[in-house]
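Colleague: I should be grateful for a close look at one part of this model, namely its charged side-chain contacts and the helices that carry them. Please treat the matter in one connected account.

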Amino acid sequence: GAAAVTGGRWVQREGVAAVSTQRMALGSGIGAVRGMSTPVSDEKEAWRVEWAVKESSMGERYRWLLSAMGFYSEDAKSERSASLLYVSARKQAARKEFTQYLGVKEDFSTRFYLECLHVWMVLVRLRREGEASKQIRQDVFDRFWQDVTKQIHALGVKPIALSSRVRELQNAFYGAAIAYDYSLGTSDAVLASALYRNVYGHDCKARHLLMLTAYVRRELDALDRMELQEFLDANWSFGNPQDSD
């Protein structure tokens, strides 16, 4: 069922499988808006600076206080890693190479589906850790939707319609994730079909689709070979989409 997509409680939705066969049309007032969000280049570094200060000699001096505040708790570490991983995915989805070299459109809907793709890749790597990664998978998902909610609110969606728009986008994510999951361990044609429907919205050149398919396979393989702690620390970056030619 749908729960297999990421192993989290949040994928339990009725009728999710039905949306995996085509890219969902995002509601009026969302899909047509160009651009998605504010730059995120400094957000990841801000987290690192905060963490580095607390882990420095000052952090050692006040370790007892940090411990009392819960800084070293499993929940706190999970939330920090989840934020770093999400920002990595979001930042990668915003790269101009997707538009310049892979023929991806520069609008809200397409950027959203690119974010979904990269968040999905992060979740696939976490799923490899089984039950031990359940909390951080949930934290990545929560971080993603907190950010998406802020973005669509900033685009002018009224508060009264906000929850329905978020549900609409979540269903789009579930459908795309199911389609991508089906491609794991299968042929590139299955993955290409999912990318064609979701990222490209049934409109792209064959060479661009082949490039994006090769890119996703390459990134999944790189993440799979990464040691867990290195992955959780987010001391890595996705590859250049242009290099997938």
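**Salt bridges and their helices**

Modeller: In this predicted model, a network of salt bridges links Arg 125, Arg 128, Glu 129 and Asp 224. In general, side chains of opposite charge can pair when their charged atoms come close. The count for the model comes to 12 salt bridges, and three further pairs may be described individually.

The pair formed by Arg 127 and Asp 181 has its closest N and O atoms 3.2 Å apart. Arg 127 belongs to helix α6 and Asp 181 to helix α8 (residues 159-183), so this salt bridge ties together parts that are 54 residues apart in sequence. The two partners fall into separate accessibility classes. Arg 127 has a relative accessibility of 22% and therefore counts as partly exposed, since the buried class requires a value under 20%. Asp 181, with a relative accessible area of 15%, is buried because its value lies under that cut-off.

Helix α6 itself, which comprises residues 108-127, merits attention. Its 20 residues should span 28 Å at 1.5 Å a residue, and the end C-alpha atoms are indeed 28 Å apart, so expectation and model agree. The helix is mostly covered, for 19 of its 20 residues are buried. Cys 116, at 1% relative accessibility, counts as buried. Cys 204, by contrast, has a relative accessible area of 24% and is partly exposed. As to cysteine pairing, the count of disulfides comes to 0.

A second salt bridge between helices joins the side chains of Asp 147 and Arg 90, with an N to O distance of 2.8 Å. Asp 147 lies in helix α7 (residues 134-154), whereas Arg 90 lies in helix α4 (residues 74-93); the pair therefore connects parts that are 57 residues apart in sequence. Both Asp 147 and Arg 90 are buried.

The remaining pair to be described consists of Arg 225 and Asp 221, whose side chains meet in a salt bridge at 3.0 Å, N to O. Arg 225 has a relative accessible area of 59% and is thus exposed, the exposed class being defined by values over 50%. Asp 221, at 39%, is partly exposed, because that value lies between the two cut-offs.

Taken together, the individual pairs include one in which both partners are buried, Asp 147 with Arg 90, and one that sets the partly exposed Arg 127 against the buried Asp 181. In the pair of Arg 225 and Asp 221, the arginine is exposed and the aspartate partly exposed.

Note on methods. Residues are numbered from 1 along each chain as its sequence is written. This is a predicted model: local features need pLDDT of at least 70, side-chain atom pairs count only at pLDDT 80 or more; totals for chains, interfaces and linings use all residues. Side-chain values use heavy atoms; hydrogens and water are left out. A disulfide is a pair of cysteine sulfur atoms within 2.5 Å. Buried means under 20% relative accessible area, exposed over 50%, partly exposed in between (1.4 Å probe, protein chains only). Helices (H or I, at least four residues) and strands (E, at least two) are DSSP runs, numbered from the N terminus. The expected span of a helix is 1.5 Å times one less than its number of residues. A salt bridge is a side-chain nitrogen of Lys or Arg within 4 Å of a carboxyl oxygen of Asp or Glu.
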